[in-house]
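The following exercises ask the reader to work through a protein model by inspection. Each task sentence is followed by a solution that proceeds step by step.

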Amino acid sequence: MKSESALGIRCNSGDKVKTGINVVEFFGIYFGAKSMTICSKCGSEYLSQNVMEEIEAEVRKRGL
Ligand SMILES: [Zn+2]
């Protein structure tokens with residue numbers, strides 16, 4: 001099964017979103033450029049499930 005999270009998402013601003021690549025950094029940890037869904041209107045970023053899990057795993061590993 002392929003990821004379909006990028007399709008059908010609408011931002012809170014009511015705008016449709018597009019897929020893009022942006023640098024991800026959380027809690028001072030640099031995760032590099034990741035594919036994500038970005039609202040072209042307000043700039044909100046929606047990370048894919050995979051990326052979210054990667055970040056959570058890393059945060060847990062570092063005990064943050
Ligand atoms: Zn928006």
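**Exercise 1. Pairing in the sheet**

β1 and β2 (residues 29-39) form an antiparallel pair that comprises 10 bridges. The model is a predicted one, in which local features need pLDDT of at least 70 and side-chain atom pairs count only at pLDDT 80 or more, while totals for chains, interfaces and linings use all residues. Residue numbers start from 1 along each chain as its sequence is written.

Task: Determine which residues face each other across the strands, and establish the strand order of the sheet.

Step 1. Fix the terms. Strands (E, at least two residues) and helices (H or I, at least four residues) are DSSP runs, numbered from the N terminus. Two strands are paired if DSSP finds at least two bridges between them.

Step 2. Follow the bridges between β1 and β2. V17 has C39 of β2 as its bridge partner, K18 stands opposite I38, and F26 is matched with I29.

Step 3. Turn to the second pair. β2 and β3 are also antiparallel, with 3 bridges; across this pair, M36 lies opposite L47 of β3.

Step 4. Assemble the sheet. The 3 strands make an open, antiparallel sheet in the order β1-β2-β3. Because β1 (17-26) and β3 (45-47) each have a single partner strand, they stand at the edges, and one side of each lacks a neighbour in the sheet. On average, neighbouring strands are turned by 45 degrees against each other, direction ignored; axes are lines fitted to C-alpha atoms, for helices over the stretch in contact, and angles run from 0 to 180 degrees between N-to-C directions.

**Exercise 2. The two hairpins**

Task: State how many residues lie between the strands of the β1-β2 hairpin, and which residue there takes a positive phi.

Step 1. The β1-β2 hairpin has 2 residues between its strands, and F27 has a positive phi near 50 degrees. This value is positive in a residue other than glycine.

Step 2. F27 belongs to the loop between β1 and β2. F27 counts as exposed because it has 9 C-beta neighbours inside 10 Å. The classes are as follows: a residue is buried if 20 or more other C-beta atoms lie within 10 Å of its own, exposed if 12 or fewer, and partly exposed in between, with C-beta atoms placed from the backbone.

Step 3. For the β2-β3 hairpin, 5 residues separate the strands, and G43 has a positive phi near 85 degrees.

**Exercise 3. Two residues of β1**

Task: Are V23 and T19 buried or exposed, or in between?

Step 1. V23 is located in β1. Its 9 C-beta neighbours inside 10 Å are the reason V23 counts as exposed.

Step 2. Beyond four places in sequence, V23 is in contact with G32 and A33, a contact being two residues whose C-beta atoms, placed from the backbone, lie within 7 Å. The C-alpha atoms of V23 and M36 are 9.6 Å apart, with these positions 13 residues apart along the chain counted as their separation.

Step 3. T19 is likewise found in strand β1. With 14 C-beta neighbours inside 10 Å, T19 is partly exposed. T19 and S40, 21 residues apart along the chain, have their C-alpha atoms separated by 9.6 Å.

**Exercise 4. The helix**

Task: Where does helix α1 pack, and which strands does it touch?

Step 1. Helix α1 (residues 49-61) packs on the sheet and touches β1, β2 and β3; its direction makes about 155 degrees with that of β2.

Step 2. Check the length. The expected span is 1.5 Å times one less than the number of residues. For the 13 residues of α1 this gives 18 Å, which agrees with the 18 Å between its end C-alpha atoms.

Step 3. Consider the cover. Among the 13 residues of α1, the count of buried residues is 0, and the helix is hardly covered. After α1 comes G63, with a positive phi near 65 degrees.

**Exercise 5. The chain as a whole**

Task: What is the order of elements from the N terminus, and where does pLDDT stay under 50?

Step 1. The chain has 1 helix and 3 strands, running β-β-β-α from the N terminus.

Step 2. Of its 64 residues, 2% count as buried. Among contacts between residues at least 6 apart in sequence, 39% join residues at least 24 apart.

Step 3. Average pLDDT (the predictor's confidence in each residue, from 0 to 100) is 85, and 88% of the residues score at least 70. Over residues 1-6 pLDDT stays under 50, and the model has 6 contacts beyond four places in sequence for them.
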